[in-house]
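Trainee: Before us is a model whose descriptive terms I should like to have justified one by one. May I ask on what grounds each term is applied?

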Amino acid sequence: PYTMEHFPLVIGERFVTHGSIDLVNPATGQVFATCAEGTRADVFEAVEAAKNIQPKWAAMTLGERSNLIMKLANALEERAEAFATLESTNAGKPIKLAKFGDVPFSVDNLRFFAGAVRRQEGAAAGEYAGGYTSMLRREPLGVVGLLTPWNYPLMMAVWKLGPAIAAGNTAVLKPAPNTPATTILLAKLAQEVGIPAGVINIVTGGVEVGEAICTHPDVRMVSFTGSTATGQRVAALASPLIKRVTLELGGKAPFVVFADADLDAAAQGAVAASFMNAGQDCTAATRIYVEGSVRDAFVAKLVANVAKLVVGDPSSLDTDMGPLSSHVQRVKVDGYVQDARKSGIQVLAGGVLPQGPGYFYPATVIADAPEDAPCVREEIFGPVVVVNRFTDEADAVAKANGVPYGLAASVWTLNVQRAMRLSGAIQAGTVWVNDHLPIASEMPHGGYKASGFGKDMSHYAIEEFTQVKHVMLDNTGAVVKPWHGVAFGKL
């Protein structure tokens, strides 16, 4: 008989199996595996394991840590097929996205941090004050807490673990309760390649586990990716203990199309940027603003492209868009669409709950919604995009910046000067020109305004997971230093 896999907690060298959370395949609505359910006590044990190994991990040379992280990247690459299949099954994402997107990028990200930690940036040592040499040390924080979301489970785990452990920290990571599988597999793989037990600890579970990580006195930093509301809670829990916090929160990315843009490219890019991962992406294009004179032509091309999207079985390489991650998410997404429809807002495509198993939802295009409508201002986190008009540059900027979020945006124009003006004027952590969504391990990812603070990826992420120490050495050997007179003795 078939035995369903049970994914354990990873606490030090122990794989802990108590408790059980059902893991559901979003494409079928059926349970495909279970995982252990962590508790506050498990968090304390995991922090203890991380705390005990951290001095030894931090004492390794940069090259030694780099080599082990590189081994993890290589092992992940060797097992890419298994990781991609599991990610697709657990998160419901198309296999082509997992296999050719998430897993290879995770490998690249680990390799980047393995290399970047060996060449950290900072002010050169020198005599900034006469008679003294100053130098900087960049040191790990200790034990860090990492809280990851359900939309990109493996990739978000890597984005946080890579810089954290490269810098000499040890980690306690809580994955989203419904998508922990690849994260647990990654932690087990890390031990297989020689990363010491306790460097990466995984505790699954719900609010109890997350709050225990945020409030544990030995967790010196919490890095969270998820909703703005939960980010506010994380910051509130961490602040009494003066923990460092980084927050990568919600988004409502504008996609601004000027009349001189290549409309075919923009309409193609809009479908990719709005509906990749079923729109469950905080940088997804969700508000398309089109200059009035080309609005109808653009919408016609967009709707025609949406009709070509292949929605269905995530295990097929032909599938462009799979299901939403959960029943709860599908209900939320459909609620926004039906509220818009009841308000008299036009739905040009999609917007109807499909029959059959799984948590599928069609690619949906809403048009000409008021700027204060919930579908314009709030993060839906699904395959829903709103197309509105603008009149000129000033109107485009005002509308692009008119929501609380500021994670990402794109500008579509063939005018280089306009592209430069808009990329400076739009308040977002990333602005693309004539594309939307591509990322690079070498470049930072993070938000403005209610989209949070702190950076994932790039050398800036290593800086987030380290603290800077100034060391100042007297070069003179003099008993009485020149400045002493202002405090003791004669000038």
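**Terms and their grounds**

Mentor: Let us begin with helix α13 (residues 393-400), whose buried residues are Asp395, Ala396, Val397 and Ala400. Please keep in mind throughout that this is a predicted model.

Trainee: Against which elements do the buried residues of α13 pack?

Mentor: They pack against the strands β12 (253-257), β13 (285-291) and β16 (384-390), and against helix α14 (416-425).

Trainee: Why is Leu437 called buried or exposed?

Mentor: Its relative accessible area is 13%. Buried means under 20%, so Leu437 is classed as buried. Leu437 belongs to the loop between β19 (430-433) and β20 (448-449).

Trainee: What makes the backbone of Leu437 worth noting?

Mentor: Phi of Leu437 is near 115°, which is a positive value in a residue other than glycine. Ser458 also has a positive phi, of about 65°, although it is not a glycine.

Trainee: Where is Ser458 found, and how do you know whether it is buried or exposed?

Mentor: Ser458 is in helix α15 (residues 458-464). With a relative accessible area of 0%, set against the limit of under 20%, Ser458 is therefore buried.

Trainee: Why is Lys71 not given the label buried or the label exposed?

Mentor: Lys71 has 39% relative accessibility. Buried requires under 20% and exposed requires over 50%, so Lys71 counts as partly exposed. Lys71 is placed in helix α2, and its C-alpha atom is separated by 8.5 Å from that of Ala190, 119 residues apart along the chain.

Trainee: How is Arg79 classed, and on what value?

Mentor: The relative accessible area of Arg79 is 38%. That value falls between the cut-offs of 20% and 50%, and Arg79 is therefore partly exposed. Arg79 sits in the loop between α2 and α3 (80-91).

Trainee: Which residues does Arg79 touch, not counting residues up to four places away in sequence?

Mentor: Arg79 touches Leu189 and Glu192. The C-alpha atoms of Arg79 and Val103 are separated by 9.6 Å, with their positions 24 residues apart along the chain.

Trainee: What makes α2 and α4 parallel or antiparallel to each other?

Mentor: Helix α2 (residues 62-78) and α4 pack at an angle of about 170°, and their axes are 8 Å apart. Angles over 145 degrees count as roughly antiparallel, so α2 is roughly antiparallel to α4. The crossing of the two helices is left-handed.

Trainee: Which residues meet where α2 packs on α4?

Mentor: From α2 come Ser66, Ile69, Met70, Leu72, Ala73, Asn74, Leu76 and Glu77; from α4 come Val103, Ser106, Val107, Leu110, Arg111, Ala114 and Gly115. By class, this contact of α2 with α4 has nine nonpolar, four polar and two charged residues.

Trainee: Why are α5 and α6 called oblique to each other?

Mentor: The axes of helix α5 (residues 153-166) and helix α6 (residues 181-192) come within 8 Å and cross at roughly 45°. That angle is neither under 35 degrees nor within 65 to 115 degrees nor over 145, and therefore α5 and α6 are oblique. The crossing of α5 and α6 is right-handed. Pro153, Leu154, Ala157, Val158 and Leu161 of α5 make the contact with Thr182, Thr183 and Leu186 of α6. Six of these residues are nonpolar, two are polar and none is charged.

Trainee: How do you know the relation of α7 to α8?

Mentor: Helix α7 (residues 207-215) and helix α8 (residues 228-238) have axes that come within 8 Å and cross at roughly 40°. Since roughly parallel requires an angle under 35 degrees, α7 and α8 are therefore oblique. Here too α7 passes α8 in a right-handed crossing.

Trainee: Which residues have the most contacts inside the largest nonpolar core?

Mentor: They are Leu76 and Ile195, in a core of 57 residues. Helix α4 (residues 95-116) contributes the largest share of this core, nine residues. A second, separate core has 56 residues, including Ile288, Ala363, Ala400 and Val411.

Trainee: With which residues is Ile195 in contact, leaving aside its neighbours within four places in sequence?

Mentor: Ile195 is in contact with Trp57, Leu68, Leu72, Ile165 and Ala190.

Key:
Residues are numbered from 1 along each chain as its sequence is written. This is a predicted model: local features need pLDDT of at least 70, side-chain atom pairs count only at pLDDT 80 or more; totals for chains, interfaces and linings use all residues. Side-chain values use heavy atoms; hydrogens and water are left out. A nonpolar core is a set of buried Ala, Val, Leu, Ile, Met, Phe, Trp, Tyr and Cys residues joined through side-chain atoms within 4.5 Å. Buried means under 20% relative accessible area, exposed over 50%, partly exposed in between (1.4 Å probe, protein chains only). Helices (H or I, at least four residues) and strands (E, at least two) are DSSP runs, numbered from the N terminus. Contact means heavy atoms within 4.5 Å. Axes are lines fitted to C-alpha atoms, for helices over the stretch in contact, and angles run from 0 to 180 degrees between N-to-C directions. A crossing is left-handed if the near helix is turned anticlockwise from the far one by less than a right angle, and right-handed if clockwise. Ala, Val, Leu, Ile, Met, Phe, Trp, Tyr, Cys and Pro count as nonpolar, Asp, Glu, Lys and Arg as charged, and the others, Gly among them, as polar.
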